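Visitor: Could you take me through one part of this model at close range? I'd like to hear about the sheet and whatever packs on it.

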Amino acid sequence: METELLEQPGLKKDLTTRTIYIESYGCAMNFADSEVVATILGEKGYSHTPSEEDADIILINTCSIRENAEQKIRHRLNHLRSNKKRNHKLIIGILGCMAERLKKNLLEEEKLVDLVAGPDSYRDLPKLLAEVEDGQKSINVLLSLEETYAEINPTRLNSNGVTAFVSIMRGCDNMCSFCVVPFTRGRERSRDAMSIVEEVRQLATLGYKEVTLLGQNVDSYLWFGGGPKKEFSKLTVEEQVNSINFAKLLGMVAEVDEKMRIRFSTSHPKDITDEVLYTMIRYPNICNYIHLPAQSGSTRILDLMNRNYTREWYLNKVERIRELIPECGISCDIISGFCSETEEEHQETLSLMEICEFDFSYMYNYSERPGTLAARKLKDDIPLEVKSRRLQEIIALQNRVSKQKNASRVGSVVRVLTESVSKKSNEEFKGRSDDNITVIFPADGVQPGDYVDVLIERSTTTSLIGKVINKTDKP
Ligand code: SAH
Ligand code: SF4
Ligand code: F3S
């Protein structure tokens, strides 16, 4: 019926009957953006479907952070070729970082792609889709100095109804030499603090129990009325008086609902301040957990990476966190085999990890990204076997530390926010401790969203397992 209508010449195509399926890759920011996209298209009458088979339009929100992230998406696109063969009307669009990096090349290389939209052009999606419906290929990859989608209330996709991401800023100005993000996401800009608090308030009303404030470098959040990032010292006196930094924002968000847990990611070691740590102490509902990527334990490599801190600075930050918040969980990101890294410098990374005893880490082989400072100025000269061997040593060390730390908690009681059924069994729930360790326990008498005290009976490298001994309403 619908197709007949569409095929009658002269009849305006009814976009409102279209269903979209959105698939997201990469970091939490991409997942949060997909929820903004769902709202923008929802307002134009498109409906979201969780099933790829039911979709008229498939949008893939992509990541470029490492070469293998892009390869995964290319495989996925190849797979979609067969869907397109079955359904010639199927529209396939690429969003996100790979769209921004490859621009119109994506339309040319991947012939099945109909639409390419970069991270700052999602408001344009209805127009772009209309162009595709008219038989054109469409593209918008303009980056913006101001776009934060501030007033758009994201449509929660694949939500557990308990935890949600809230984007507080976009882009990144740091120019770490290995990193593609400044090129794919543009200049750093902060979102209107009021709109952030309002979004958190709505989530609380809907029964959500945890929000994670998202940005590539949350500690440099600064709201002073809008526009591209400025240093505090460069603001006018009036702007300074009215400005809101990250610590202040964190406090405002924590005040919304004392029963709601607040998390944030990512913190940059050069920017996290005592003011943020004291705010964490002041509000019991701000979780004692900091993701603090070191990338390397060698000052020479950190300098080549353009991270703007030294090994000593990083170690001092960790010491300061432990001094002020002894129970704080700390996790890390490490890159193995960056340009010219020597065996001794790799050992410095291992020793930094040994000293800091991270609860867990994300660990990667260095992957050269076209256009980055490192790709232009430095040689990717560490052979893959060497990178991978060093990475194995990094992973083995982290696994040993995680296993020991988790084992030391057997016999203790951990406060957990119940999230959803565990991967392995419907009879078990999983949730996280305040310091962000996964905890698994029998589902009996517990609902997602409940705070429970779990007596830890066993542990693995990645999780704690136990039984519920108490229900409470406190985070
Ligand atoms: N803004 C965050 C990181 C975002 S990217 C921060 O500054 O810490 C997430 C992680 O991917 C980085 O911390 C880094 O460890 C890794 N990464 C980024 N670019 C990479 C590359 N070219 N090769 C390997 N890992 C990379
Ligand atoms: Fe990339 Fe560095 Fe920005 Fe993180 S802070 S997104 S690693 S440039
Ligand atoms: Fe990937 Fe873009 Fe995030 S490159 S890690 S999706 S900002």
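Guide: Happy to, and please keep in mind that this is a predicted model. A good place to start is one residue pair: isoleucine 20 stands opposite histidine 48, which lies in S2. Isoleucine 20 faces that partner where strand S1, residues 19-24, and S2 pair in the parallel sense over 2 bridges.

On one face of the story we have the helices. Helix H3, residues 67-86, packs on the sheet and touches S1, strand S3 (57-62) and strand S4 (91-95). The direction of H3 makes about 175 degrees with that of S3. Helix H6, residues 125-133, packs on the sheet as well, touching S3, S4, strand S5 (115-117) and S6. For H6, the direction makes about 165 degrees with that of S5. Both helices therefore count as roughly antiparallel to the strand named with them, since angles over 145 degrees fall in that class.

Now step back to the whole arrangement. The sheet is open, with 6 strands in the order S2-S1-S3-S4-S5-S6, and the pairing is parallel. Strand S2 (47-48) and strand S6 (138-140) stand at the edges; each has a single partner strand, so one side of each is left without a neighbour in the sheet. That brings us back to our opening pair: histidine 48 belongs to S2, one of the two edge strands, while S6, the other edge strand, is among the strands that H6 touches.

Methods:
Residues numbered from 1 in each chain as written. Chains lettered and ligands numbered in written order. Predicted model: local features only at pLDDT ≥ 70, side-chain atom pairs only at ≥ 80, totals over all residues. Heavy atoms only, no water. Pairing = 2+ DSSP bridges. Helix = DSSP H or I, 4+ residues; strand = E, 2+ residues; numbered from the N terminus. Contact = heavy atoms within 4.5 Å. Axes fitted to C-alpha atoms, helices over the stretch in contact; angles between N-to-C directions.
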